[in-house]
Structure formats: structure tokens, C-alpha cells
Amino acid sequence: MKILVINGPNLNMLGIREPGIYGKNTFADLLTLLEDAAKELGVEVEQYQSNHEGDIVDKIQWAYGKIDGIVINPAAYTHTSVAILDALKAVSIPAVEVHISDVDAREPFRQKSYVGMACCKTIKGHGFQGYREAMRYLVEQYG
Ligand code: DQA
């Protein structure tokens with residue numbers, strides 16, 4: 001099974017960015033966690049991070065026919081992007097939405113997720129471990 005993990009804007013700043021909300025671990029630490037989880041689960045993982053909405057749409061389209069499951073933290077685009085929602089619907093690849101923080105306990109504008117409407121599951125507030133849980137879910141359901 002091949003899993004694509006997509007991280008949206010500002011997640012490359014993990015470790016520097018608002019550590020009180022997102023923690024002190026860095027984006028490089030997150031990439032290590034993804035590799036470790038892939039080994040544990042016996043799957044291939046590819047990671048992609050972009051600060052640009054259209055690039056994320058392009059990557060989701062690229063995944064068609066090549067990737068079996070997507071883990072996506074769309075970051076701020078979660079709450080605004082019909083384009084990413086439509087891209088996920090277009091390719092019909094099972095997708096799990098992940099948020100490091102508990103978005104439900106934050107500002108009201110973070111409580112709407114467009115991207116989540118195309119996802120089979122959402123994991124929020126479990127920190128970096130949420131990515132591992134999302135990968136495990138895809139393996140259990142679709143592997
Ligand atoms: C986030 C939550 C979003 O509201 C925010 O814009 C982010 C990160 C999270 O992982 O908790 O950039 O997706």
C-alpha cells in the first residue's frame with residue numbers, strides 16, 4: 001500500500017510556529033515519525049508539503065492511479081478550500097484529515113472544514129500521533 005501524506009501552509013514551521021499550540025517538535029521530527037509509522041505498518045509513504053493551494057490540488061491529481069490512501073493536514077486551507085475538497089472528490093482516493101491541535105476548542109472559524117467533507121475520517125487534537133493513527137486507519141480499512 002502507498003500512502004501520501006500532505007501538509008499544508010505553515011506546517012513546515014513546526015517547532016518554531018506557536019509552540020504553545022503545536023508543540024516544540026519540528027517538521028523534520030514529523031517526517032521521521034511518518035517514516036517510522038510506515039515501517040511499523042509495512043507500507044510505503046510519500047510526504048508532500050506546500051504553502052500553495054494550487055500545488056496541493058496538483059499533488060492530489062498526481063496521486064490518481066498511483067496512491068492508495070491520503071493523509072492530509074490542509075492547515076488553514078481546511079477552512080477555506082473548495083478546490084482541495086473538489087480535488088479529493090475527483091480522485092476518490094480514501095483520505096483522512098488530521099489536525100495537530102483540537103480545532104473544535106479554538107476560534108469559531110476553525111470549526112468549519114471544507115476538506116473534511118471529502119474525508120472518511122478526521123483526527124484532531126492528538127498532536128503528531130494523529131498522523132500515525134490516520135495511517136493505521138487507512139491500512140486497516142483499505143490495505
Ligand atoms: C491545523 C489547524 C488549522 O486551523 C491551522 O490553520 C493550521 C494547523 C492543525 O494541525 O491543528 O495551520 O491544521
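Hi everyone, let's start at serine 101, which sits in the loop between strand E4 (95-99) and strand E5 (121-124). Before I go further, please keep in mind that this is a predicted model.

So, is serine 101 buried or exposed? Its relative accessible area is 8%, so serine 101 is buried. Its side chain has a partner, too: a polar contact of 2.9 Å links it to the side chain of arginine 106. If we leave out residues up to four places away in sequence, serine 101 touches Ile21, Tyr22, Arg106, Lys124 and Gly125.

Serine 101 also takes us to the ligand. Which residues are around the ligand? They are Arg17, Tyr22, Asn73, Ala75, Ala76, His79, His99, Ile100, Ser101, Val103 and Arg110. Tyr22, then, is around the ligand and is also touched by serine 101.

Let me pick out three polar atoms that face oxygen atoms of the ligand. On arginine 17, a polar side-chain atom lies 2.8 Å from a ligand oxygen. On isoleucine 100, a polar backbone atom is 2.8 Å from an oxygen of the ligand. And on arginine 110, a polar side-chain atom is 2.9 Å from a ligand oxygen.

Now stay with the ligand list for a moment and find alanine 75, which is on it. Where does alanine 75 lie? You will find it in the loop between strand E3 (69-73) and H4. Its phi is near 55°, which is a positive value in a residue other than glycine. Alanine 75 counts as buried, because its relative accessibility is 12% and the cut-off for buried is under 20%.

There is another positive phi to show you, at glutamate 18. This residue is not a glycine either, and its phi is about 35°. Glutamate 18 belongs to the loop between strand E1 (2-7) and H1. With 41% relative accessibility, it counts as partly exposed.

Moving along the chain, proline 19 lies in helix H1, which covers residues 19-22. Proline 19 is partly exposed as well, at 38% relative accessibility. How far apart in space are proline 19 and alanine 63? From C-alpha to C-alpha the distance is 32 Å, with their positions 44 residues apart in sequence.

Compare that with a pair involving alanine 37, a residue of helix H2 (residues 27-41). Alanine 37 and glutamate 133 are 96 residues apart in sequence, yet their C-alpha atoms are 9.0 Å apart in space. Alanine 37 has a relative accessible area of 0%, so it is buried. Not counting residues up to four places away in sequence, it touches Arg132 and Met135.

Last stop: two helices that meet. The axes of helix H3 (residues 53-63) and helix H4 (residues 82-91) come within 9 Å and cross at roughly 5°. H3 and H4 are therefore roughly parallel to each other. On the H3 side, the contact is made by Glu53, Ile56, Val57, Ile60 and Gln61, while H4 brings Ala83, Ile84, Ala87, Leu88 and Val91. What kinds of residues make up this contact of H3 with H4? Eight are nonpolar, one is polar and one is charged.

If you want one place to begin looking for yourself, try the ligand with Arg17, Ile100 and Arg110, which are among the residues around it. Thanks for listening!

Conventions:
Residues numbered from 1 in each chain as written. Predicted model: local features only at pLDDT ≥ 70, side-chain atom pairs only at ≥ 80, totals over all residues. Heavy atoms only, no water. Helix = DSSP H or I, 4+ residues; strand = E, 2+ residues; numbered from the N terminus. Buried < 20%, exposed > 50% of the residue type's maximum accessible area, 1.4 Å probe, protein only. Axes fitted to C-alpha atoms, helices over the stretch in contact; angles between N-to-C directions. Parallel < 35°, antiparallel > 145°, perpendicular 65-115°, else oblique. Contact = heavy atoms within 4.5 Å. Nonpolar A, V, L, I, M, F, W, Y, C, P; charged D, E, K, R; others polar. Near = heavy atom within 4 Å. Polar contact = N/O pair within 3.5 Å; in protein donor to acceptor, adjacent residues only side chain to side chain.
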